Amino acid sequence: MALLETRMLSKSFGGLRAIQQLEMDVEEGSIHGLIGPNGSGKSTFFNLVTGVYKTDPGSVVRFAGEDITNFEAHEIGRRGVARTFQLLRLFSEMTVLQNLLVGYHTHTKYAAAAPIFRPRSVVRADQEASESMFELLSIIGLAEFADMPAGELSGGQRRLLSLGRAMAMRPKLLMLDEPAAGLSPTNVDVLMGIVLDLKKRYGLTLLIVEHILKVVMDTCDRVTVLDHGQKIGEGAPHEVKDDHAVVEAYLGKEMSDEEVRAAFAKAAR
Amino acid sequence: MEALLGFLIFGVTIGVVYGIVALGISLIYTGLDIVHFAHGEIYMFGAFLGLVFAHQYNVPYWLAILCAMIVTGLLGIVIERVFYRRLTRAGGGYTVAGMGMIICGFGMSVVLQNIAFLIWGADAEPFPVNFGMPYQIGEIFLPKSYVATAVAALVLMGGLHVFLKKTKIGLAVRAVAQNKDIAFLMGINVPLMISLIFGVACAIAAAAGVLIGPMQSVQVEMGYLMLMKAFAAAVVGGFGSLPGAILGGLLVGIFENLGAAYISGSHKDIYAFLLLILVLMFRPQGLFGVEAKVKA
Amino acid sequence: MLEVRDLQTGYGRIKILDGVNVSVAGGSIVTVLGGNGTGKSTLLKALSGLIPVWDGEILFDGESIANLRPDRIVNRGLIQVTQGKEAYPAMTVEENLMVGAFTRSDKQGIRRDLDKVYDYFPALQERRRQLSGTLSGGEVQMLVIGRGLMANPRMLMLDEPSAALAPQVVLNIFANVYRISQSGVTILLVEQNVRMALLLAGYGYIIRDGRVLIEGPAEELSGDESVKLSYLGGTVASREQMSS
Amino acid sequence: MKMFSRGLVSTALIAGVLVVHTSAVAGTIRIGATMRMISENGQKYGQMVADEFDLINKNGGINGNTIELSLLNDECKSDKGVANANKFIHEQKVHLIIGSTCSSVSLPIVDVTAQARVPQIIPHSTNAKITQKGSAWVFRVPVSGRYYAGVNAKYTGENIGTKIAYICAADAASQNDCDAMQDQMRRQFNAEPAYVAQVQEKEVDFRTHMLKIKSANVDGIMIAALAETMSRALLQSYEAGIGKSVRRIGSSSASNAPVPKIAGDAVLGVFYTAAYAAADKRPIAQLFNQMVRDKYGIHAPDHDFSQAYDLVRIVEIALHRANLNLSDGSLAADRTAIRDAIASVDGYRGLASGPISFCAAPTPQCRDGNKTPVLIHYTKGGEEFETEVLARVPMPINFGLE
């Protein structure tokens, strides 16, 4: 069953059609990759699904069978869609734990005034929160930094924290926006290991936008390729890799070093 | 029907003036990344300077506009160099420094108003210009001063357009307005261009002041209302868009005159803001504005 | 031609570059490689005068250009080509190119260089009247390189020209960079696309955490296992490498 | 020349009413004045009030006592005016308060002075309510608005017509003038307004209204607004093509000098009621005009000046009459004595067009001293404007009080 479905999803900015009639299904429990050149509409897709942008008329976004088209972002979040950002947007003055709790409290339901009066139910809820957050911290390997301000973490740790914060919302669907950008291959492996661990433990569905193809090819069950806001290919990673249209628009022909050098020399003539 | 035409004429004549002040505000916004709250006072200074040239030195009206533009433009450059530059260096936008910029603009507005008060006093000064008898088309009277205002405003807009689109300096100004770092990397003297932008914006505000003088007389407090209308115009047209500023000015002028004519004339000034709200509801970026967050 | 000695700089109080040494000989292509956030772009900003140099020396043609105002550095013929997304989207293609020629007054020379840019990148000529905001990513990258050429540079510094472009386009752009260098312009290329950069350049530096980690002739670097292991990134031209 | 003319005026005015009173111990009579002194005119007439009190001191003071005047600017803002009054009463312990110029400021001060039991004499505020509050401590030198509207409406209805358009600015004085005029037109001629435009206090663009008024074919336009706003409206009425045959009626501020100065020729034929006309042919008026022109550079003093001048003279008379102790313990008694002395001024003849009389009862009949508006119209615009008196109209004491 598809957890996330889009039908006729479109979005234009002025004259620029960022997404055109995109039909896409993300199967529950799968890892779905979304790739394509810059400007192909990947970030717009994220923003449409999470309610940051409003869709053009006629578009439908369904989550777990419910039509959530143009819902407010927080309502979509409450239904179980979380995302990370390319630019991490952490609260750098807050501690690591507080960063997670921000994500967690957007998920809890008690009234805004309640923390002031602190009835027993709230105290209990808070304890539960801390406990489950520590569990999360230990999975992402940041337990020992719980009380450190997020701003003092290293680049890789911050990326893990941003992942943890999204997880704190207890999502059903986790959307990762270029999780591996700027990480060394070793760190990418660590990160993806944690992601897979989280998926298994919490029964997540994952949607990953990534430029580093290795990540996509190694981890994804299914890949959608966008170009100019349109789907130009979809299928299992190895199918996409050999798809003619995808190669033309995105991956490029294989060339040896000599062929590349020859192309340079030819240009100079 | 004649009445409608009359209202439209009034709307256009005041609208072009809103438009040229809005043009300056937009220009400063794009060039310096600040919303200049003292622009109403610059406009007021321009009006007084025009009056001084026209009546104290007996300079012909057209020349008085030009003189007021030059002096006010220079005044603007001094203000920018001495005050604003120090703040823009600290960064603008939604930062603390950006807040500082806004406060500084308000402060400048108070300072300029007090200086004007000391020089010229609080009384309104008449700015009589003898344009001769109004044109009469059927039952409609069209005072020559209105035509003159519209023509002058068109000349200014045209001049600015040619300057920005057809000259090398204009190209550099646009480059600075769009991205200062890159303009620097292209060898453009960015600080000089910023001064120029500010000076030009002040000069056209001065022209607006001198143009409106004969219609409304000249007074120390005249800047406030104009600033509000010009802001409305700039936002309606799309903040930062130059053609938008002109169109926004015209729309505000026409809309408020028609509103006063056919809805209720009692609180004319709210129509500008009504229009503003309407436009923002349906087109948050303004009519000519570019949507801020275009990232595909 | 360009000598960078013990360069230290950063933003605010945060130090990004901590003693970088780079040397570029006239007529050569030199590449500076590194992942995101290693200080590559900071190096270019310091060279162009956009951020102050805290310590160290930058010599261009033997004269110090450290902390000169950016437009003065441009006047000496050292031009930075920014990333593709930094064209002027609200200007036409040709206006963008003319901004590049701002410092020049030789009308004929400007005309000649304009033709030269159109010869390098015919796509730009077709779109000369279009707003550059409507161009594709590759075309915008061509535009900013063309804009740099319009300043009649003696040395061009390119900031990740391959970023986020399809391999086919990257090949086209790199080929043109090669062609530009053959016409006598010295090139400093900052890249994440290690393979393509090392194929193009004669000499390379790899920086990490604000320092030069490894340097050497490009051939040597591309054979270096540690380079292969640690510093991949950006789009990839060869799928062999992708899956390696 | 200056001193001569001024001295002459003073003598002319005081002669005949001077009552010599044997003074007690020489002391200081403290007077606080709060007025609108923001415009050039306002500053100058504030200066005139100060100068006149100075002159009284130089000529020997009041029964050997010196007047100490504290002059504050309230900018026509009620909060500042009230603050000034409180400062006078509680800090400076004044015996008498003069002020304010604006009705909106005078009104709240009436409550302050009534409560503190300090006499208040008003140089220029026309709002009828000021004396209707029933305070025993307030006196009004100027003509009350209730008379003005009656005279204006009578003249308009009988000589011009009853189809009148109104432009009413949002400041309190103009609103008041506008309402009163409409009311009087209804009462006297059963005439409803042909068009009413409410505009902002500092409106600059009246052209839409003028165009609508033009198509309404009215007999006259009443423009009730402060001087600068009124001038702009007058100018724009001609720009919109409303001919001279449609008469323009001014509100009380039409007498202010900026009107003819800004409006220029557009002021021709504008008529209004005031307490004083510079065109007054009486010798007193001529001398006063001369004095103000020489000393303060005012081409023709409006009734702001004349009323302030009359006020000083009335205060002078009253202080001479009052039996003042002027010791620390006698403050309340002295204040009451001054109040009673002012109330006893009867038949004062000064610059005002008719006699000014007060009496003891705390009623408008007793406390609106001047009951004679003068109807004036402009015969020349510009800085060197000229006016002509159309009529002097003594009004019945109860007019406008039903």
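**Exercise 1. How many bridges join β10(D) to strand β12 (residues 374-380) of chain D, and in which direction do the two run?**

Before we start, keep in mind that this is a predicted model.

*Step 1.* Find β10(D) and β12(D): 4 bridges join them, and the two strands run antiparallel.

*Step 2.* Pick out one facing pair: across from F271(D) you'll find H377(D) of β12(D).

*Step 3.* Now look at the two sides of β10(D), residues 271-274. F271(D) and T273(D) sit on one side, Y272(D) and A274(D) on the other, and all of them are buried, leaving both faces covered. In a regular strand, side chains alternate between the two faces of the sheet.

**Exercise 2. Work out how α1(B) and helix α9 of chain B are oriented to each other.**

*Step 1.* Two packed helices are described by the angle between their axes and the distance between those axes.

*Step 2.* For α1(B) and α9(B) (residues 222-237), the angle is about 75 degrees and the axes are 8 Å apart.

*Step 3.* Angles of 65 to 115 degrees count as roughly perpendicular, so α1(B) and α9(B) are roughly perpendicular to each other.

*Step 4.* Check who makes the contact: α1(B) contributes residues including V17(B), Y18(B) and V21(B), while α9(B) brings, among others, M226(B), L227(B) and F231(B).

**Exercise 3. Track down aromatic pairs that tie together separate parts of chain B.**

*Step 1.* Searching the whole structure turns up 22 aromatic pairs over all chains.

*Step 2.* One of them is F7(B) with Y262(B), an edge-to-face pair at 5.6 Å centre to centre with 90 degrees between the planes. F7(B) belongs to helix α1 (residues 2-32) and Y262(B) to helix α10 (residues 242-262), so this pair ties together parts that are 255 residues apart in sequence.

*Step 3.* Is F7(B) buried or exposed? Buried means under 20% relative accessible area, so F7(B), at 3%, counts as buried.

*Step 4.* Try F45(B) and W120(B), which are also edge-to-face: 5.5 Å centre to centre, 75 degrees between the planes. F45(B) is in α2(B) and W120(B) in α4(B), so here the parts tied together are 75 residues apart in sequence. F45(B) counts as buried too, at 7% relative accessibility.

**Exercise 4. Which charged residue sits over the ring of Y146(B)?**

*Step 1.* Look to chain D: the charged end of R207(D) sits over that ring, 4.6 Å from its centre.

*Step 2.* Then find R313(D), which lies over the face of Y309(D), 4.9 Å from the ring centre.

Technical notes. Residues numbered from 1 in each chain as written. Chains lettered and ligands numbered in written order. Predicted model: local features only at pLDDT ≥ 70, side-chain atom pairs only at ≥ 80, totals over all residues. Heavy atoms only, no water. Phe/Tyr/Trp six-rings, centres within 6.5 Å; stacked < 30°, edge-to-face > 60°. Buried < 20%, exposed > 50% of the residue type's maximum accessible area, 1.4 Å probe, protein only. Lys NZ or Arg CZ within 6 Å of the ring centre and 35° of its normal. Pairing = 2+ DSSP bridges. Axes fitted to C-alpha atoms, helices over the stretch in contact; angles between N-to-C directions. Parallel < 35°, antiparallel > 145°, perpendicular 65-115°, else oblique. Contact = heavy atoms within 4.5 Å.
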